[in-house]
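This report goes through a structure of several chains, from its sheets to its chain contacts and then to single residues. The sequence and model come next.

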Amino acid sequence: MAKIEVLTGTGAAAYGAKLARVEVVPAYPITPQSATVEYIASMIADGELDAEYVEVESENTAMSICQGASLAGCRVFTATSSVGLAYMHSPVWHAASLRLPIVMAIANRAIGIASLWCDHSDAIELRDTGWMQFYAENNQEILDTIIQAYRIAEDKRVLLPAMVNFDGFYLSHLADSLEIPDQEAVDKFLPRYKPEHVYLDPERPIRYGGLATPQDFTEYRYKQHEAQENAKTVITEVGEGYGKAFGRKYGLLDEYRSKDAEAVLVTMGSMTGTARAVVDKLRAEGKAIGLVKLRTFRPFPAEVLRSLLAGKRSVGVVERSISAGSWGPAFPEVRAALYDLPERPVVLDFVVGLGGRDVRLEDVENAARKTYEAVERRLEEKTDWIQVRL
Amino acid sequence: MSKRRLPTVKELPPCKTTSAPESVKTGSWRSFKPVFSRDECAKCGMCWMYCPEGAVKMLPDGFFEVDYEYCKGCGVCANECPTKSIQIVRE
Amino acid sequence: MSRVFKELYTPEEAVAPGFSTCPGCAMPIVYRHAINALGKNTVSIHAAGCAAAMAAVTLVSATSSLFENAASFAAGVKIGLTKKGRSMNVLAFIGDGGTVDIGLQALSGAAERGDPIIYLCYDNEAYMNTGIQRSSSTTMGAWTSTTPVGKVKRGKRSTPKDVPMIMAAHRIPYVATASVAYLLDFVRKVKKAAEVTQKGEGMAYIHVHSPCPTGWGFPTEKSVEVARLAVQTGMWPLYEVDHGVLRITQTVKERKPVAEYLRAQRRFRHLAEEEIKKVQSYVDGRCLEIEGRQQQPK
C-alpha cells in the first residue's frame, strides 16, 4: 500500500531513485541538491537501496561514471545544479549522443552571475543536447517523474537521457506531504533495465561511440531528433499508464481552466502553483483566463500546445530565465509553435524570479492582467522584465 | 567506378557502433620496404615483436614474413634485427 | 621457440593491422602487446589522441571517452560491470596529454577511490595528434609547436611532471614505468596490473615511454632504439611500486651520458652545452632519488 510521508524535494528525488531501483549513483554535493545524494547515501548504508555509491571528485566525473556504468548495463542516477551542471557540460552532450538512458535530478539554480538561488538558466541552456527535460511543479511530481523518466528513457523508441528539474529551494528545501508508491507496484510499472543497443561481450566486440564523420553525423543527429519526436508519444503513454497504476496521470502539458479561456498563461516549474491561484483570482473577477503548464520542455510539445492555444486571444509566457541578447527561452518556442495558426494569438514574454527572486502573487498577477488586456499585437513586443528595478 | 552507397537513418544503430576492424591498406603509404633473408635469421622474433603495424607474421616453420598490404616501410624491424637479416630497399 | 614467444605469444593477435599512425610510431607496439597480454575479456577505453587509431582496429570491445574523463569513464564501466557480477579487464589507453594535464583530476579521483582499472599512459611527450604541442610531460628544453625555439625563447622551460610518483603517492596497489624497448618487462607489468585489478584491489597505473619519430625528429626506424637510449641514459628509469615497495626493474649499471639521447633527436638540436648539463644533473638527481627509495624485499 502506498504510504504518506513528508519529504522535501531532495528527499522526493532520492525516493524516486530508490523506487526505480537504480544501481549506480555517483554523488557530488552542490547547493541546493546536496541532500539528494546524502539521502541516497543513507539509504544505501542502511541497506534500503542496493546500489553502488561512487564518491566522485567532481561533477564531470559524476556524469562520466554514469556513462560508463550505463554502458555496462546499469541503471544510473545522479543529481546536480547550476555550475555543477556546467562542469559536466561536455559529458552531458556526450551522454545524449551515446544514447544512454541516464536520469539526472537537477535542483535548478542560477548560473553565470554567482548565485545560490533558483532560476531555470542552468538546465535550459542545455536544451540543444538531446536530453529530455521535465520541470516539476511540486514534490510529488519530482518523485513520480523520476520513476516515469526511467521508463521513458529506456524505451527502445527513445533511448535518451532525461533531466528531472525542480526549483532550487522552493521545491528542494520545502517539505510537502507525498504519497510514496509501493515498491512492488513500482517494480511492476518499471521493469529492470535491459539494454540491447550496447553490450560488452567478449564474443561480440564492438566499437561504441567513435568519431562520426561528415558522412554520418547528420544521420546520427537526426536519429536523436527522431527519438525526441517519439518521446512525445512515449511520455504520454507512460504518463497515462502511471495514472492507471498510481492514480496520478501525467502528460506533456497540464492545463488549468484554459478550455474556455480567452487569455492563457504558460508556465514552468513551481511558479505554476502561484499562477493557479492568480487564475482563480482573475476568474472570480469574471476574466476568462487560464494556464498551461509545460511539464516537458524537451521534447517541446508544439503540437499539443498548438491545439490547446488555438483560438485564444492572448498568451503570456512567464519564465524563469533569460537568454541574454534575446527573449526568454520558452517564448520563441511557444510563438513558433503558434505561428502557423490561421488566427495567431498575441504572445507576450514575462521574465520573473531570476537568481531566486520570489515569484509573488502580484508578479504573476501583473503578467496575467497584461496578458488578459492584450487584445492586439504591438509592433516590436519586447520581453517584459516584471521585477527589475530600473 | 560506382559510388559507395551510404547507410540511411533507418539502417544505422542509435549510436555509432562498428564491429569489424576498420583497417586502412597502409601498405600504400611506403616508399621503402623490408626484405627478409632466411640465411642469417635466428628466429628470435624481434621483428614480430617490434613491428608497429603487426604486419610481421610468424610462419609455421618459425621464420617470419611481411604482410606487404599493411607494411608502412618504417624500418624498425631491420633496425632491431640482431643478425641484420632484414634489408630495407627502395620500392 | 624463443623466450619472447613463451611469454608474449598468443594464438590470435588481438589487434588487426592497418591503422593510421605514423610509420615507426611506437604506440601501436605498446597497445598490441598490452591487449595480447590482457586477452579477449577486455574493454578498451580511448580518448582523443593518436591512440584513437587503435580503437578502429582492436579486436576487443572499445569505446571513446572525452579528453578529460578517460579515467572516470573507465571507472564507470568497471563499476557497472562489477555491479552486474561481471569481470572484464577495463583498460584506459590514453596519451600523456589526456593523463598528466586535462585528465589528471579524473585520474586522481579514480585512484583515491580505488576503482580497479588498468590505466596505461603512452607518453610521447606532447599532444602529438593535434600537431606536437607541449604537454606537462615534455622533457625540458624540447622544441614543440607551442614551445618553439626562437631568439627569445628556447623550448619548454619546466621539468616534466612526475606522474608515476604522483600515482605512487596515491598509494594505489600498483604503479610502474615501462618502455617500448623493454617489452618483456612491459608485458610482465601489464599482467601484474591485470592481477591486481581482477582482485579488485584498486587501480593499476603503467606509464610507458613511447617515442614519436614525427614529433621528436628522428628516422622512423629508430623508435625502439631511442626508447632504449632513454632507459640507458637514466632519462626514463624503469621501476615499479608494488603495494608501496619500489623496485627498479631494469638496472643500468653505467648510465650513458644523456647527451647521447638528446643528440639523437631534432627537438633538442638547439641545446647548448650548458643546457645539456642541466638536463644531465636533473637526470642524475632523479636517478639518485629513485635508487634511494628502492627497498630490498624482506
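In what order do the 10 strands of the open sheet stand? The model is a predicted one, and in it the order is E1(B)-E9(A)-E2(C)-E1(C)-E3(C)-E4(C)-E6(C)-E5(C)-E7(C)-E8(C), with mixed pairing. The edges are held by strand E1 (17-18) of chain B and strand E8 (245-248) of chain C; each has a single partner strand, so one side of each is left without a neighbour in the sheet.

Within chain C, strand E1 (residues 42-46) and strand E3 (residues 89-95) pair in the parallel sense over 5 bridges. In this pairing C:Thr42 stands opposite C:Asn89. Helix H4 (residues 70-83) of chain C lies across E1, E3 and strand E4 (118-123) of that chain, and runs at about 170° to E3(C). The sheet also has a pairing between chains: E9(A) and strand E2 (residues 61-64) of chain C run parallel and are joined by 2 bridges. There, A:Tyr208 stands opposite C:Thr63.

**A sheet in chain A**

Chain A has an open sheet of 6 strands, also with mixed pairing, in the order E10-E12-E11-E14-E15-E16. Its edge strands are E10 (253-256) and E16 (384-385), each of which pairs on one side only. Strand E11 (residues 263-267) and strand E14 (residues 314-319) of chain A are parallel, with 4 bridges between them. A:Ala263 is the residue opposite A:Ser314 of E14(A). Helix H10 (residues 271-284) of chain A packs on this sheet, where it touches E10, E11, strand E12 (289-294) and E14, and its direction makes about 165° with that of E12(A). Helix H11 (residues 302-309) of chain A also packs on the sheet and touches E10, E11, E12 and E14; the angle between its direction and that of E10(A) is about 15°.

**Contacts between chains**

Chain A and chain C meet through 33 residues of chain A and 33 residues of chain C. On the chain A side, the elements that give two or more residues are strand E3 (52-55), H3, H5 and strand E9 (207-208). H3(A) provides the largest share of that side, 10 residues.

The contact of chain B with chain C takes 26 residues from chain B and 29 residues from chain C. Two or more residues each come from helix H1 (46-50) and helix H2 (76-80) of chain B on the side that touches chain C. Of that side, H2(B) gives the most, with 4 residues.

The table sets out the residue classes of the two sides that touch chain C.

| Side | Nonpolar | Polar | Charged |
|---|---|---|---|
| Chain A, touching chain C | 16 residues | 12 residues | 5 residues |
| Chain B, touching chain C | 12 residues | 7 residues | 7 residues |

**Two helices of chain A**

Helix H3 (residues 59-71) and helix H5 (residues 89-97) of chain A pack with their axes 8 Å apart, at an angle of about 15°. That angle lies under 35 degrees, so H3(A) is roughly parallel to H5(A). The crossing of H3(A) with H5(A) is left-handed. From H3(A), A:Asn60, A:Met63, A:Ser64, A:Cys66 and A:Gln67 meet A:Pro91, A:Val92, A:His94 and A:Ala95 of H5(A). This contact has 5 nonpolar, 4 polar and no charged residues.

**Single residues**

The peptide bond that joins A:Thr31 and A:Pro32 is cis, with omega about 0°. A:Pro32 lies in the loop between strand E2 (24-27) and helix H2 (34-45) of chain A. A cis peptide bond also leads from A:Arg298 to A:Pro299, with omega near 0°; A:Pro299 is in the loop between strand E13 (296-298) and H11 of chain A.

A:Arg21 has a positive phi, near 55°, and is not a glycine. A:Arg21 sits in the loop between helix H1 (9-19) and E2 of chain A, and is partly exposed because it has 17 C-beta neighbours inside 10 Å. C:Arg171, likewise not a glycine, has a positive phi of about 60°. C:Arg171 belongs to the loop between helix H7 (163-169) and strand E5 (174-179) of chain C.

Why is C:Leu271 counted as buried? C:Leu271 has 22 other C-beta atoms within 10 Å, and 20 or more are enough for a residue to be buried. C:Leu271 lies in the loop between helix H11 (258-263) and helix H12 (273-293) of chain C. Leaving aside residues up to four places away in sequence, C:Leu271 touches C:Gly141, C:Leu262 and C:Ile276.

Technical notes. Residues are numbered from 1 along each chain as its sequence is written. Chains are lettered from A and ligands numbered from 1 in the order in which they are written. This is a predicted model: local features need pLDDT of at least 70, side-chain atom pairs count only at pLDDT 80 or more; totals for chains, interfaces and linings use all residues. A residue is buried if 20 or more other C-beta atoms lie within 10 Å of its own, exposed if 12 or fewer, and partly exposed in between; C-beta atoms are placed from the backbone. Two residues are in contact if their C-beta atoms, placed from the backbone, lie within 7 Å. Two strands pair if DSSP finds at least two bridges between them. Axes are lines fitted to C-alpha atoms, for helices over the stretch in contact, and angles run from 0 to 180 degrees between N-to-C directions. Ala, Val, Leu, Ile, Met, Phe, Trp, Tyr, Cys and Pro count as nonpolar, Asp, Glu, Lys and Arg as charged, and the others, Gly among them, as polar. Angles under 35 degrees count as roughly parallel, over 145 as roughly antiparallel, 65 to 115 as roughly perpendicular and the rest as oblique. A crossing is left-handed if the near helix is turned anticlockwise from the far one by less than a right angle, and right-handed if clockwise.
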